[in-house]
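Subject: The structure, and what turned up in it

Hello,

Here is the structure I promised to pass on to you. Please open it next to this message, and my notes follow underneath.

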Amino acid sequence: GKSTMLAAIAAREIPIPDHIDIWFLDSEAKPEDVSAVEAVVNVVADEHKRLEELSMKLLEEDPEKNADMLQVIGDKLDRMDPETFEPRACELLHGLGFTKAMMAKATKDMSG
(Lines give C-alpha, C1' and ligand atoms only; values in the text may rest on other atoms or scores of the structure.)
Protein backbone atom coordinates (compact mmCIF):
# COMPACT_ATOMS: atom_id res chain seq x y z
CA GLY A 1 0.00 0.00 0.00
CA LYS A 2 1.37 3.33 1.18
CA SER A 3 4.91 2.10 1.89
CA THR A 4 5.16 0.53 -1.55
CA MET A 5 3.93 3.72 -3.20
CA LEU A 6 6.38 5.89 -1.24
CA ALA A 7 9.26 3.54 -2.08
CA ALA A 8 8.29 3.74 -5.78
CA ILE A 9 8.25 7.54 -5.61
CA ALA A 10 11.66 7.56 -3.88
CA ALA A 11 13.05 5.24 -6.59
CA ARG A 12 11.60 7.66 -9.17
CA GLU A 13 9.55 4.90 -10.74
CA ILE A 14 6.91 7.60 -10.95
CA PRO A 15 8.01 10.69 -12.93
CA ILE A 16 9.32 13.34 -10.54
CA PRO A 17 11.15 16.47 -11.78
CA ASP A 18 14.93 16.17 -11.34
CA HIS A 19 15.14 19.40 -9.33
CA ILE A 20 13.12 17.77 -6.52
CA ASP A 21 15.18 15.88 -3.94
CA ILE A 22 13.61 12.78 -2.47
CA TRP A 23 14.60 10.93 0.68
CA PHE A 24 12.63 7.89 1.74
CA LEU A 25 12.88 7.12 5.44
CA ASP A 26 11.40 3.70 5.96
CA SER A 27 11.80 3.69 9.73
CA GLU A 28 11.86 6.10 12.65
CA ALA A 29 15.11 7.47 14.03
CA LYS A 30 16.50 5.28 16.77
CA PRO A 31 16.10 6.68 20.27
CA GLU A 32 19.67 7.90 20.84
CA ASP A 33 21.47 10.80 22.46
CA VAL A 34 21.81 12.65 19.13
CA SER A 35 19.69 15.51 17.86
CA ALA A 36 17.20 15.13 15.04
CA VAL A 37 19.58 17.06 12.77
CA GLU A 38 22.49 14.78 13.70
CA ALA A 39 20.33 11.70 13.10
CA VAL A 40 19.47 12.86 9.56
CA VAL A 41 23.06 13.89 8.81
CA ASN A 42 24.32 10.51 10.04
CA VAL A 43 21.96 8.65 7.70
CA VAL A 44 23.06 10.71 4.71
CA ALA A 45 26.75 10.47 5.65
CA ASP A 46 26.45 6.69 5.99
CA GLU A 47 24.78 6.49 2.56
CA HIS A 48 27.49 8.70 1.05
CA LYS A 49 30.18 6.41 2.49
CA ARG A 50 28.34 3.30 1.27
CA LEU A 51 28.09 4.69 -2.26
CA GLU A 52 31.77 5.66 -2.30
CA GLU A 53 32.77 2.17 -1.15
CA LEU A 54 30.47 0.52 -3.68
CA SER A 55 31.91 2.71 -6.43
CA MET A 56 35.47 1.66 -5.50
CA LYS A 57 34.46 -2.01 -5.43
CA LEU A 58 32.82 -1.78 -8.86
CA LEU A 59 35.89 0.01 -10.26
CA GLU A 60 38.16 -2.73 -8.92
CA GLU A 61 35.97 -5.54 -10.25
CA ASP A 62 35.31 -4.46 -13.84
CA PRO A 63 34.93 -0.77 -14.72
CA GLU A 64 33.63 -1.45 -18.23
CA LYS A 65 31.05 -4.02 -17.15
CA ASN A 66 29.92 -1.78 -14.28
CA ALA A 67 29.95 1.49 -16.25
CA ASP A 68 26.18 2.06 -16.07
CA MET A 69 26.02 1.44 -12.33
CA LEU A 70 29.10 3.60 -11.78
CA GLN A 71 27.39 6.43 -13.68
CA VAL A 72 24.27 6.19 -11.50
CA ILE A 73 26.37 6.11 -8.32
CA GLY A 74 28.51 9.00 -9.56
CA ASP A 75 25.42 11.08 -10.28
CA LYS A 76 24.11 10.43 -6.76
CA LEU A 77 27.47 11.29 -5.19
CA ASP A 78 27.64 14.50 -7.23
CA ARG A 79 24.36 15.60 -5.63
CA MET A 80 25.56 14.67 -2.13
CA ASP A 81 27.96 17.41 -1.05
CA PRO A 82 28.99 16.68 2.57
CA GLU A 83 29.28 20.44 3.18
CA THR A 84 25.50 20.71 2.67
CA PHE A 85 24.39 17.75 4.79
CA GLU A 86 23.52 19.79 7.88
CA PRO A 87 21.78 22.73 6.17
CA ARG A 88 19.78 20.34 4.01
CA ALA A 89 18.88 18.23 7.07
CA CYS A 90 17.56 21.38 8.76
CA GLU A 91 15.60 22.27 5.63
CA LEU A 92 14.12 18.77 5.48
CA LEU A 93 13.13 18.78 9.15
CA HIS A 94 11.69 22.29 8.87
CA GLY A 95 9.59 21.08 5.93
CA LEU A 96 8.30 18.30 8.19
CA GLY A 97 7.20 20.87 10.77
CA PHE A 98 10.17 20.69 13.15
CA THR A 99 10.97 23.85 15.09
CA LYS A 100 14.60 24.75 15.91
CA ALA A 101 14.03 23.43 19.43
CA MET A 102 12.68 20.14 18.09
CA MET A 103 15.65 19.83 15.71
CA ALA A 104 18.05 20.17 18.64
CA LYS A 105 16.17 17.67 20.82
CA ALA A 106 17.73 14.21 21.28
CA THR A 107 15.86 11.50 19.41
CA LYS A 108 15.62 9.50 22.65
CA ASP A 109 13.45 12.30 24.06
CA MET A 110 11.00 12.28 21.16
CA SER A 111 7.81 10.30 20.91
CA GLY A 112 6.39 8.67 17.79
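Below is what was found, taken helix first, then salt bridges, then pockets. Please keep in mind that this is a predicted model.

**Helix α2**

A good place to begin is α2, which runs over 36–61. With 26 residues at 1.5 Å a residue, α2 should span 38 Å, and its end C-alpha atoms are indeed 38 Å apart, so the expected and the modelled span agree.

Which residues of α2 are buried? They are Ala36, Val37, Ala39, Val40, Val41, Val44, His48, Leu51, Ser55 and Leu58. These buried residues pack against α3, α4 and α5. As background, an α-helix has 3.6 residues a turn, so residues three or four places apart point the same way.

Two of the buried residues are worth a closer look:

- Val41 has a relative accessible area of 19%, which is under the 20% cut-off, so Val41 counts as buried. Apart from its neighbours within four places in sequence, Val41 is in contact with Phe85, Glu86 and Ala89. Its C-alpha also lies 9.5 Å from that of Thr84, a residue 43 places away in sequence.
- Ser55 is buried too, at 14% relative accessibility. Again setting aside neighbours within four places in sequence, the contacts of Ser55 are Leu70 and Ile73. Both of these contacts can be found with α3 in view, as that helix covers 67–78.

**Salt bridges**

How many salt bridges does the structure hold? There are two. In general, side chains of opposite charge can pair when their charged atoms come close.

One of the salt bridges joins Asp33 and Lys108, with 3.8 Å between the closest N and O atoms. Asp33 sits in the loop between α1 (2–10) and α2, while Lys108 sits in the segment after α5 (100–104), so this pair ties together parts that are 75 residues apart in sequence. Are these two partners buried or exposed? Asp33 counts as exposed, at 60% relative accessibility, and Lys108 counts as partly exposed, at 46%.

The other salt bridge is between Glu47 and Arg50, where the closest N and O atoms are 2.9 Å apart. Here both partners belong to helix α2 and stand three residues apart, about one turn of the helix. Glu47 is partly exposed at 24% relative accessibility, and Arg50 is partly exposed with a relative accessible area of 43%.

**Pockets**

The largest pocket has a volume of about 1,100 Å³. It is lined by 34 residues, and Leu25, Ala29, Ala39, Val40 and Leu93 are the ones nearest its centre. Ala39 and Val40 also appear among the buried residues of α2. What does each helix bring to this lining? Both α2 and α4 (85–95) supply at least two residues, and α2 gives the most, with seven. By class, the lining of the largest pocket has 19 nonpolar, six polar and nine charged residues.

The second largest pocket comes to about 630 Å³. Of its 17 lining residues, Ala10, Arg12, Ile22, Lys76 and Arg79 are closest to its centre. At least two residues of this lining come from α2, and at least two from α3; the largest share, three residues, is from α3. The lining of the second largest pocket holds nine nonpolar and eight charged residues, and no polar ones.

**A note on Arg12**

Arg12, one of the residues closest to the centre of the second largest pocket, has a backbone feature to look at as well. Its phi is near 60°, a positive value in a residue other than glycine. For context, most residues other than glycine have a negative phi. Arg12 is found in the loop between α1 and α2, and at 32% relative accessibility it counts as partly exposed.

Happy browsing, and write back with any questions.

Best wishes

Notes:
Residues are numbered from 1 along each chain as its sequence is written. This is a predicted model: local features need pLDDT of at least 70, side-chain atom pairs count only at pLDDT 80 or more; totals for chains, interfaces and linings use all residues. Side-chain values use heavy atoms; hydrogens and water are left out. On a 1 Å grid over the protein atoms alone, a cavity is a set of points where a 1.4 Å probe fits but cannot get out, and a pocket is an open set with protein on both sides within 12 Å along at least five of seven lines; lining residues have an atom within 4 Å of a point. Grid points are joined across faces, edges and corners, and a volume is the space filled by probe spheres set on the points. Helices (H or I, at least four residues) and strands (E, at least two) are DSSP runs, numbered from the N terminus. Ala, Val, Leu, Ile, Met, Phe, Trp, Tyr, Cys and Pro count as nonpolar, Asp, Glu, Lys and Arg as charged, and the others, Gly among them, as polar. Buried means under 20% relative accessible area, exposed over 50%, partly exposed in between (1.4 Å probe, protein chains only). Contact means heavy atoms within 4.5 Å. A salt bridge is a side-chain nitrogen of Lys or Arg within 4 Å of a carboxyl oxygen of Asp or Glu. The expected span of a helix is 1.5 Å times one less than its number of residues.
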